[in-house]
Amino acid sequence: MIAPSQSARPRPAAIGRWLLGVAFLVFCMVVVGGITRLTESGLSITQWKPITGAIPPLTHDQWMAAFRDYQQIPEYREINRGMSLADFQFIFFWEWVHRLLGRLIGLAFALPLVWFAWKRAIPAGYGPRLVALLALGGLQGAIGWWMVKSGLSVRTDVSHYRLAVHLLTALFIMGGLIWTALDLFALARNPQARPARLRPFALVVLLLLLVQLMLGAFTAGLDAGYVSSTWPLMNDHLVPEGIDWTNSLWATLSSDPYLVHFLHRWWAWVAAAGLFMLAVRAKRAGRRGASIAIHASVGTQIILGIATVLSGIALPLAVLHQAVGALVVAAAAWGAHGIGAQRA
């Protein structure tokens with residue numbers, strides 16, 4: 001039996017470990033989301049049922065009802081007409097796993113949060129931040145449905161803008177979980193430690209990374225990776241032929257598959273340069289592990305990006321590319337936290 005005085009003691013290390021566990025689940029969610037996108041599974045479930053949707057169809061009649069719902073949307077009528085029930089069950093599986101992981105993450109965050117709050121184990125000042133992360137997770141579920149809804153009536157796929165919002169929000173949540181966990185670990189080591197600050201240099205680097213992640217989401221949403229399977233040139237040209245400059249500048253920059261692919265492959269070097277400089281500063285701040293993580297993840301990501309292009313967007317490589325992209329975000333958050341904590 002835990003005495004009342006003991007139960008009221010803040011437990012920053014335990015909460016930090018819990019947050020890293022949730023961050024790992026978010027990482028898994030990003031990976032499964034990549035599989036869902038690459039297998040064109042995202043529109044297979046045409047309704048949003050946050051509670052009852054956790055149970056998939058169990059009988060043949062239930063499967064046929066779900067299949068009939070899918071047959072009403074443009075993706076089936078214009079692209080997948082004639083699809084077998086077995087093929088539908090395959091794409092349904094990935095979207096169902098993706099949504100199930102979202103529900104699991106919600107429970108894995110909300111229930112321990114209530115328990116820690118009841119035990120008065122949350123250190124002073126961290127309660128609002130944890131509640132904000134929980135709210136952001138709930139918003140992410142709504143964003144996911146908002147994204148899916150964009151492909152159910154007129155389009156044959158989801159809006160790449162909404163896809164980008166969905167992916168970037170997931171990565172922001174993961175980064176926030178890691179940052180908060182690191183603050184709590186510092187507090188566990190030193191009760192006088194203050195939360196790390198986001199330094200201007202780190203902010204600039206993270207913004208460079210944000211642009212690259214957004215371009216990656218646009219590339220995925222527009223299937224822009226398929227317009228060229230050569231590197232470093234795109235179909236024998238540095239600047240690819242086929243860019244439609246007749247639209248507005250923003251429409252061309254964000255929606256032309258040739259230009260989006262071009263920007264994604266070359267902005268990567270700008271983001272990488274910033275991240276390598278962040279790694280150097282993290283090492284100087286005594287965060288050697290963060291420095292190694294940044295170098296390893298960014299280097300691996302560059303190799304995977306090139307390999308993915310050369311393979312014609314092979315599924316295993318493309319999934320690894322998205323997975324390591326999430327690891328780059330985690331490493332960048334670690335490094336940015338390290339240089340922000342050195343004078344805290």
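This is a short walk through one chain, from its overall dimensions to its nonpolar cores and one buried arginine.

The model is a predicted one. The chain has 12 helices and 0 strands, so there is no sheet to discuss, and the order from the N terminus is α-α-α-α-α-α-α-α-α-α-α-α.

On overall dimensions, the C-alpha trace spans about 65 × 55 × 35 Å along its principal axes. The radius of gyration is 22 Å, and a compact globule of 344 residues would come out near 20 Å, so the two agree. Of the contacts with a separation of 6 or more, 77% join residues 24 or more positions apart. The exposed area is about 17100 Å², with 68% of that supplied by carbon and sulfur atoms.

Next, the interior. Buried residues are 47% of the 344 in the chain. The largest nonpolar core holds 89 residues, and the members touching the most others are Trp18, Leu19, Phe88, Phe109, Met174, Leu177 and Leu275. Helix H7, residues 160-189, gives the largest share of this core, at 16 residues. Another core, of 5 residues, lies apart from it, and includes Val227, Ile243, Leu259 and Phe262.

Take Leu275 from the large core. Beyond four places in sequence, Leu275 touches Val205, Leu209, Ile294, Val298, Val328 and Ala332.

Last, Arg37, in helix H2, residues 12-38. Is Arg37 buried or exposed? Its relative accessibility is 15%, and the cut-off for buried is under 20%, so Arg37 counts as buried. Its side chain reaches the backbone oxygen of Gly221 at 3.1 Å. Setting aside neighbours within four places in sequence, Arg37 contacts Asp157, Val158, Leu163, Ala220, Gly221 and Asp223.

Conventions. Residues numbered from 1 in each chain as written. Predicted model: local features only at pLDDT ≥ 70, side-chain atom pairs only at ≥ 80, totals over all residues. Heavy atoms only, no water. Core = buried A, V, L, I, M, F, W, Y, C linked by side-chain atoms within 4.5 Å. Buried < 20%, exposed > 50% of the residue type's maximum accessible area, 1.4 Å probe, protein only. Helix = DSSP H or I, 4+ residues; strand = E, 2+ residues; numbered from the N terminus. Contact = heavy atoms within 4.5 Å. Polar contact = N/O pair within 3.5 Å; in protein donor to acceptor, adjacent residues only side chain to side chain. Rg over C-alpha atoms; globule rule 2.2 N^0.38 Å. Areas by Shrake-Rupley, 256 points an atom, 1.4 Å probe, with all protein chains shown as cover.
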